[in-house]
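User: Could you take a close look at the buried parts of this one for me? I'd like to know what is tucked away, what it touches, and where the charged pairs come in.

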Amino acid sequence: MNKKMNGQSRIGVKNCMAPVSAAVLLLLLAACGAEKQQMTAEGPSGTTPVKKDPVKLVFYSTAGWTQEAFNERFGDTMRKKFPEYEIEYVASGKGMEFPDMLSAGAQIDVYWQAVDNTIPHLLQYKLEYDMTELIKKYGVNLNQLEPSSVEAARSMSNGKMYALPIVNNAAALYYNKDLFDKFGVPYLKDGVTWDEVIGVAKRMRRTDGGLEYYGIGSDVQPHLNLSSLSIPYVDPKTEKPTILTNGGWSTIFNQLIEMKKTTDYKSLNASNFVQEKNLAMVDGLANAFLNFDMTTLNWDLVSYPSYKSAPGIASQPLPTMFGITSISKHKEAAAEVLAYMLSEEVQKSLSERAIIPVLQSDTVMKAFAKNSKYKDKNFQAILGKKFAPITPKVTYEAKARSIYGKYIQDLAKGTIDLNTAFRQIDEEMVKLIAEEKAK
């Protein structure tokens, strides 16, 4: 690992020797030994060479990505464009959680995670930084980015911009074509509704030749979290749970109950769909084909099903947000790198690999999945409908999602009724909100 960084980022030896975990100590020692140097980069429009300090930029995340995954999606592209910057990815883990990093004074220039976590965590640890002026300085046109993602960032930043979406995700409906052929069921088509999907799922739940076949699998993520009805777990104005006040929850939960019945109440998801091949459909994340080897499965996908109350609306997007931290000593360099990741050049390259872009230019959108190893798939179903607005997020979003999803199995089995489950969810959420406020 290159140990060079800007002299302004050096940490005194006394600070470096404070009691910390061994993993964090390695980061601090690297900072202690940094040497300031000069490197040459191409100037504006390829004309006058300019000299830049070879700073180190640390990209920290709690997303659980491997080094290889970060490099393939982001890091290698950054390093190729900016050889004068040392791009380092630090993943959270034992001894490397947010409190460990902050108590040790470790370098964090950019924090990135899914929209559920990025800004809430920045706010939780008082690391938020308004990137508005840097966004303007480096020419990022927010009007060209996927609008729900930008609006979510702005809303969670109280009108400022604490993070930028770099790539996107969403929900998608996959189906196993071999099973549809086996049982003589017509393939799904774009524009399908949830009622139609449930009808097909019930037809696909059967026993044949001593083997069990199931209808449609799903998880709380994405079905609750990315619902096209866009209902937040907590009302941002009243700071109260919405489970008893928004009738849309009944629609969503009844849908999940019917889906669970077609799997005999088993928790089947994208992994089961790919590996066991006895699940007809799965309500999963749109990028599942990037995370699983699906070459041995005869699959396709259709546009995300709509509710009657929200016709033609897809799921909420799930953008990956990158936020420059308030403690970064290299905000300009970080902003320069993020702006490049939003350039048409980079976004087109991502789009060609079927990584959902956030830049909405015709060139980028038309390039989607052109270089995917999976041919003849209905990839345009992912981008074919308008995304629903992203719901407001709270710093304890993951805890709230767990509470909302904990009774689904019991509801499907009929051991608890919807009204009782909703009251219990409300009580647990009220308690959680009080606990979080008291922190």
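Analyst: Let's start with helix H14, which spans residues 331-341 and is mostly covered, with ten of its eleven residues buried. This is a predicted model, so read everything here as computed from predicted coordinates. The buried residues of H14 are a mixed bag: Ala-333, Ala-334, Ala-335, Val-337, Leu-338, Ala-339, Tyr-340 and Met-341 are on the list, but so are Lys-331 and Glu-336.

Next up is strand S12, residues 320-324, where five of five residues are buried. What covers which side? Thr-320, Phe-322 and Ile-324 are buried on one side, while Met-321 and Gly-323 are buried on the other, so to speak leaving both faces of S12 covered.

Now for the strands that pair with S12. Strand S5 (residues 110-114) runs antiparallel to S12, and five bridges link the two. Strand S6 (residues 164-167) is also antiparallel to S12, with three bridges between them. Thr-320 turns up in both pairings: it is the bridge partner of Ala-114 and also the bridge partner of Val-167.

S5 deserves a look of its own. Five of its five residues are buried, so the rest of the structure largely encloses S5. Besides pairing with S12, S5 pairs with strand S3 (residues 56-61), this time in the parallel sense and over three bridges. In that pairing, Val-110 of S5 has Phe-59 standing opposite. Put together, S5 has an antiparallel partner in S12 and a parallel one in S3.

On to a helix pair. H11 (residues 248-261) packs against H20 (residues 418-438) at an angle of about 115 degrees, and their axes lie 12 Å apart. The crossing is right-handed. On the H11 side the contact involves Trp-249, Ser-250, Phe-253, Asn-254 and Ile-257, and these meet Leu-418, Phe-422 and Ile-425 of H20. By type, the residues of that contact come out as six nonpolar, two polar and no charged.

Trp-249 also leads us to a loop residue. Thr-242 sits in the loop between helix H10 (220-223) and H11. Is Thr-242 buried or exposed? Its relative accessibility is 5%, and with the cut-off for buried at under 20%, Thr-242 counts as buried. Leaving out neighbours within four places in sequence, Thr-242 is in contact with Ile-231, Pro-232, Tyr-233, Val-234, Asp-235, Trp-249 and Tyr-404. So Trp-249 features both in the H11 and H20 contact and among the contacts of Thr-242.

That leaves the charged pairs. Side chains of opposite charge can pair when their charged atoms come close. Searching the whole structure turns up 21 salt bridges, and here are a few of them.

One is local. Asp-76 pairs with Arg-79, with 3.4 Å between the closest N and O atoms. Both belong to helix H3 (residues 67-81), and being three residues apart puts about one helical turn between them. Why does that spacing help? An α-helix has 3.6 residues a turn, so residues three or four places apart point the same way. Asp-76 is partly exposed at 45% relative accessibility, and Arg-79 is partly exposed as well, at 27%.

Another salt bridge spans more of the sequence: Asp-208 and Lys-182 meet at 3.4 Å, N to O. Asp-208 is in strand S8 (residues 206-208) and Lys-182 in helix H8 (residues 177-182), so this pair ties together parts that are 26 residues apart in sequence. Asp-208 has a relative accessible area of 32% and is partly exposed; Lys-182, at 44%, is partly exposed too.

Then there is Arg-205 with Asp-264, a salt bridge of 2.7 Å, N to O. Arg-205 is in the loop between helix H9 (194-204) and S8, and Asp-264 is in the loop between H11 and helix H12 (270-275), so the bridge ties together parts that are 59 residues apart in sequence. Arg-205 counts as partly exposed at 21% relative accessibility, as does Asp-264 with a relative accessible area of 32%. Finally, there is a network: Asp-116, Lys-393, Glu-397 and Arg-401 are joined by salt bridges that share partners.

Methods: Residues numbered from 1 in each chain as written. Predicted model: local features only at pLDDT ≥ 70, side-chain atom pairs only at ≥ 80, totals over all residues. Heavy atoms only, no water. Axes fitted to C-alpha atoms, helices over the stretch in contact; angles between N-to-C directions. Helix = DSSP H or I, 4+ residues; strand = E, 2+ residues; numbered from the N terminus. Left-handed = near helix turned anticlockwise from the far one by under 90°. Contact = heavy atoms within 4.5 Å. Nonpolar A, V, L, I, M, F, W, Y, C, P; charged D, E, K, R; others polar. Buried < 20%, exposed > 50% of the residue type's maximum accessible area, 1.4 Å probe, protein only. Pairing = 2+ DSSP bridges. Salt bridge = Lys/Arg side-chain N within 4 Å of Asp/Glu carboxyl O.
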